[in-house]
Amino acid sequence: MAFTQVTHRSPGFARRSAGSVAIGAAAGLTAAAGLLFGRKAATISKIGQGHPLKHRALDLAAGAIQPKYPLDAMSTYLNGFHMYADDMGRQVEATHFCIHLQHDLHQCVIFDRNAPDARLIGIEYIVSEERFRSLPEDEKRLWHSHHYEVKSGSLTAPGIPDMAEHAYFEDLVSTYGKTFHTWQYDRDDFPYGIPQLMMGFTEDGQARDEMIRARDDRLGISTSRKRQNRSDIAVPTVAPGANSWESGRALRTSVTETDFKR
């Protein structure tokens with residue numbers, strides 16, 4: 001037989017208990033906010049070296065005060081590789097930070113690496129196969145498939161447990177991306193020129209082994225092991241119109257001078 005001890009507490013005790021909980025919660029939130037602010041300050045200080053004190057102070061204040069909702073909505077960090085749409089020999093690493101904007105559309109900003117002083121090098125839109133198949137034929141030529149990138153293990157979600165990453169890439173394997181790089185950082189340490197269309201790799205032997213090994217060593221991952229872990233992911237047939245460079249003809253962006261309209 002169980003016995004239950006009943007304790008009678010005064011209303012004042014209840015109020016004090018509720019007050020203690022509220023104070024504890026507030027203290028916890030304050031501590032968390034302090035940690036976030038401290039991390040933000042530390043990050044800004046890393047890229048603020050050499051800046052005037054006025055600029056560093058303004059950057060720190062803006063980082064702490066201004067809401068940045070699109071940045072807060074970025075939920076996925078991906079690392080992979082791109083090649084220039086007209087030149088497979090020009091291959092670069094691409095670090096993506098993505099927002100799942102609609103059920104069939106992701107939008108990503110791309111940096112050269114995941115670091116406070118990373119260079120912003122481009123953007124990518126990712127759509128479902130259904131959305132891709134509905135695009136005009138001329139539009140499809142700008143897009144590349146993710147089938148091989150996922151299956152080969154070259155496209156990764158660093159820091160995510162294998163099981164969760166596997167589930168994520170089961171959906172991503174059938175998607176398509178349109179990518180433009182605004183900074184040709186493989187050539188210049190400044191964002192010269194116009195945005196360049198990029199493509200993804202579609203079979204073994206295209207991406208440089210040394211580039212993949214360097215990425216794996218830096219991030220502490222294994223592309224070959226990820227490839228093995230994803231061997232059970234079903235790969236649909238690539239939809240017609242994607243990976244246009246495989247036809248032997250490539251697309252390159254250019255600037256055309258024209259009359260100004262008023």
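Which residues does H146 touch, not counting residues up to four places away in sequence? In this predicted model, they are E124, I126, L172, V173, T175, Y176 and G177. That makes H146 a handy place to start a tour of the structure.

**Around H146**

You will find H146 in the loop between β5 (144-145) and α6. Is H146 buried or exposed? Its relative accessibility is 3%, and buried means under 20%, so H146 counts as buried. The side chain of H146 also reaches the side chain of H144, with a polar contact of 3.4 Å. Two of the residues that H146 touches, E124 and I126, turn up again beside H146 itself in the lining of the largest cavity.

**Enclosed spaces and a pocket**

How many cavities of 30 Å³ or more does a search of the whole structure find? The search returns 3 of them. The largest cavity holds about 50 Å³ of space. Its lining is made up of L78, H82, H96, E124, I126, H146, E149 and L155. Two elements, β1 (76-84) and β4 (120-127), give two or more residues each to that lining.

The second largest cavity has about 40 Å³ of space. Here the lining consists of G80, F81, E149, S154, L155 and F201. If you have the structure open, look for E149 and L155: they belong to the lining of the largest cavity and also to the lining of the second largest one.

Pockets are open, unlike cavities, and the second largest pocket has a volume of about 280 Å³. Of the 16 residues that line the second largest pocket, S152, D209, I212, T223 and R227 are the closest to its centre. The elements that supply two or more residues to this lining are α6 (147-152), α8 (209-219) and α9 (223-229). Which element gives the largest share of the lining? That is α8, with 4 residues.

Here are the three spaces side by side, with the make-up of each lining.

| Space | Volume | Lining residues by class |
|---|---|---|
| Largest cavity | about 50 Å³ | 3 nonpolar, 3 polar, 2 charged |
| Second largest cavity | about 40 Å³ | 3 nonpolar, 2 polar, 1 charged |
| Second largest pocket | about 280 Å³ | 4 nonpolar, 6 polar, 6 charged |

**The disulfide**

How many disulfides does a search of the whole structure find? The search gives 1. A disulfide is a covalent bond between the sulfur atoms of two cysteines. In this model the partners are C98 and C108, and their sulfur atoms are 2.1 Å apart. The pair joins strand β2 (residues 87-102), where C98 lies, to strand β3 (residues 105-111), home of C108, and the two cysteines are 10 residues apart. The torsion about the S-S bond of C98 and C108 is about 105 degrees, so the disulfide is right-handed. Both C98 and C108 are buried.

**Three more residues to look at**

Q184 sits in the loop between β6 (176-181) and β7 (196-199). Despite that loop position, Q184 is buried, because its relative accessibility is 14% and the cut-off for buried is under 20%. Setting aside neighbours within four places in sequence, Q184 is in contact with Y84, R90, Y192, I194 and Q196.

The segment after α9 holds N243 and T237. Is T237 buried or exposed? Its relative accessible area is 67%, and over 50% means exposed, so T237 is exposed. N243, by contrast, has a relative accessible area of 3% and is buried.

T237 still has partners elsewhere in the chain: leaving aside neighbours within four places in sequence, it is in contact with R133, H147 and Y176. T237 and H147 are 90 residues apart along the chain, while their C-alpha atoms are separated by 8.6 Å. Y176 is also among the residues touched by H146.

As for the backbone, most residues other than glycine have a negative phi. N243 is not a glycine, yet its phi is positive, at about 55 degrees.

**The chain as a whole**

Stepping back, the protein chain has 9 helices and 7 strands. Of its 262 residues, 36% count as buried. Among contacts between residues at least 6 apart in sequence, 64% join residues at least 24 apart.

Note on methods
Residues are numbered from 1 along each chain as its sequence is written. This is a predicted model: local features need pLDDT of at least 70, side-chain atom pairs count only at pLDDT 80 or more; totals for chains, interfaces and linings use all residues. Side-chain values use heavy atoms; hydrogens and water are left out. On a 1 Å grid over the protein atoms alone, a cavity is a set of points where a 1.4 Å probe fits but cannot get out, and a pocket is an open set with protein on both sides within 12 Å along at least five of seven lines; lining residues have an atom within 4 Å of a point. Grid points are joined across faces, edges and corners, and a volume is the space filled by probe spheres set on the points. Ala, Val, Leu, Ile, Met, Phe, Trp, Tyr, Cys and Pro count as nonpolar, Asp, Glu, Lys and Arg as charged, and the others, Gly among them, as polar. Buried means under 20% relative accessible area, exposed over 50%, partly exposed in between (1.4 Å probe, protein chains only). A polar contact is a pair of N or O atoms within 3.5 Å; within protein, one must be able to donate a hydrogen and the other to accept it, and residues adjacent in sequence count only if both atoms are side-chain atoms. Contact means heavy atoms within 4.5 Å. A disulfide is a pair of cysteine sulfur atoms within 2.5 Å.
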